[in-house]
Amino acid sequence: MSILRPFKASDLFKFNNINLDIWTETYGIGFYFNYLSRWPDLCSMQEAPSGRCMGYVIGKAEGHQTEWHGHITAITVAPEYRRLGLARKMVELLEYISDNVYRGYFVDLYVRCTNQVAVDMYERMGYSVYRRVREYYGSLGVGKGGKDEEDAFDMRKPLTRDPGRRSVRANGRDMLVSAQEVS
């Protein structure tokens with residue numbers, strides 16, 4: 001049993017059990033404060049009855065016209081709470097708000113191409129690869145030529161405002177773009 005509730009600023013002082021994970025992108029405190037002040041309804045915390053943080057999602061709304069969408073900036077679940085459906089519940093809430101409050105066309109996220117467990121999970125949730133972003137991540141060390149070459153999949157899921165599914169494509173894994181093209 002757990003509760004899905006709004007992410008609070010005070011959670012920043014008790015979520016290390018979630019963030020200390022090789023797959024989790026972490027940010028400075030100002031980054032989290034920016035999200036909490038601008039998009040509080042897209043930031044949620046999954047909490048155990050004991051008060052222990054189990055997982056969280058932070059997101060935002062961005063884009064213009066048919067590119068207006070919800071974006072999952074970070075989602076993570078503490079290792080001891082994985083495979084319980086917590087990520088699905090947090091994503092479903094973010095999708096609902098992106099669809100019904102922000103009226104977005106889709107929800108997108110970036111995930112390391114090498115994180116096959118996460119890619120599979122997102123595909124089961126209805127996301128598909130829109131494009132592969134070369135050298136998107138830079139935190140796993142130096143690769144060939146002195147650069148980190150960790151690519152990301154930009155994955156998307158259309159919302160009700162996109163009944164023609166224009167925000168997704170079938171051949172996304174073959175569409176290569178540079179990180180500068182998506183910044």
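## A walk around the chain, starting at helix 2

Select helix 2 and look at what surrounds its buried residues: they pack against helix 1 (16-19), strand 2 (43-47), strand 3 (53-62) and strand 4. Before going on, note that this is a predicted model, in which local features need pLDDT of at least 70 and side-chain atom pairs count only at pLDDT 80 or more, while totals for chains, interfaces and linings use all residues. Numbering runs from 1 along each chain as its sequence is written, and side-chain values use heavy atoms, with hydrogens and water left out.

A few terms for the road. Helices (H or I, at least four residues) and strands (E, at least two) are DSSP runs, numbered from the N terminus. Buried means under 20% relative accessible area, exposed means over 50%, and partly exposed is in between (1.4 Å probe, protein chains only). Contact, touching and packing mean heavy atoms within 4.5 Å.

**Stop 1: helix 2, residues 29-38**

Which residues of helix 2 are buried? Pick out Tyr32, Tyr35 and Leu36. They sit on the same side of helix 2, because the arc they cover around the axis is only 95 degrees; that arc is taken from the directions from the helix axis to the C-beta atoms. Now turn to the face pointing away from the buried side, and you'll find the exposed residues Ser37 and Arg38.

**Stop 2: Ala61 in strand 3**

Keep Arg38 on screen and add Ala61, which lies in strand 3. Their C-alpha atoms are 9.3 Å apart, with the two positions 23 residues apart in sequence. Ala61 counts as buried, at 8% relative accessibility. Show its surroundings: leaving out residues up to four places away in sequence, Ala61 touches Trp39, Leu42, Trp68, His69, Gly70 and Tyr102.

**Stop 3: Thr76 in strand 4**

Next, select Thr76, which you'll find in strand 4. Is Thr76 buried or exposed? It counts as buried, at 6% relative accessibility. Again setting aside residues up to four places away in sequence, the contacts of Thr76 are Ile18, Asn19, Asp21, Thr24, Gly55, Tyr56, Arg82 and Met90.

**Stop 4: the loop between strand 4 and helix 3**

Carry on along the chain into the loop between strand 4 and helix 3 (86-100), where Pro79 lies. Pro79 is partly exposed, with a relative accessible area of 45%. Try a distance from here: Gly138 is 59 residues away along the chain, and the C-alpha atoms of Pro79 and Gly138 are separated by 23 Å.

Arg83 is found in the loop between strand 4 and helix 3 too. It is exposed, with a relative accessible area of 73%. Check the backbone while you're there: the phi of Arg83 is near 65 degrees, a positive value in a residue other than glycine. Most residues other than glycine have a negative phi.

**Stop 5: helix 4, residues 116-124**

Jump to helix 4 and colour its buried residues, Ala118, Val119 and Tyr122. They lie on the same side of helix 4, since they cover an arc of only 100 degrees around the axis. What do the buried residues of helix 4 pack against? Show strand 4 (69-77), strand 5 (106-112) and strand 7 (150-158). The face turned away from the buried side carries the exposed residues Val117 and Arg124. Just after helix 4, stop at Gly126, which takes a positive phi of about 100 degrees.

**Stop 6: Arg165**

Move on to the loop between strand 7 and strand 8 (176-178), where Arg165 is found. Arg165 is not a glycine, yet it has a positive phi of about 55 degrees. At 47% relative accessibility, Arg165 counts as partly exposed.

**Last stop: zoom out**

Switch to a cartoon of the whole chain, with its 5 helices and 8 strands. Along the sequence they follow the pattern β-α-α-β-β-β-α-β-α-β-β-β-α. The radius of gyration is 16 Å, close to the 16 Å that the globule rule gives for 183 residues, so the chain is as compact as a globular protein of that length. That radius is taken over C-alpha atoms, and the rule is 2.2 Å times the number of residues to the power 0.38. Draw a box along the principal axes, and the C-alpha atoms fill roughly 45 × 45 × 30 Å.

Colour by burial and you'll see that buried residues make up 48% of the 183 residues. Among contacts between residues at least 6 apart in sequence, 66% join residues at least 24 apart.
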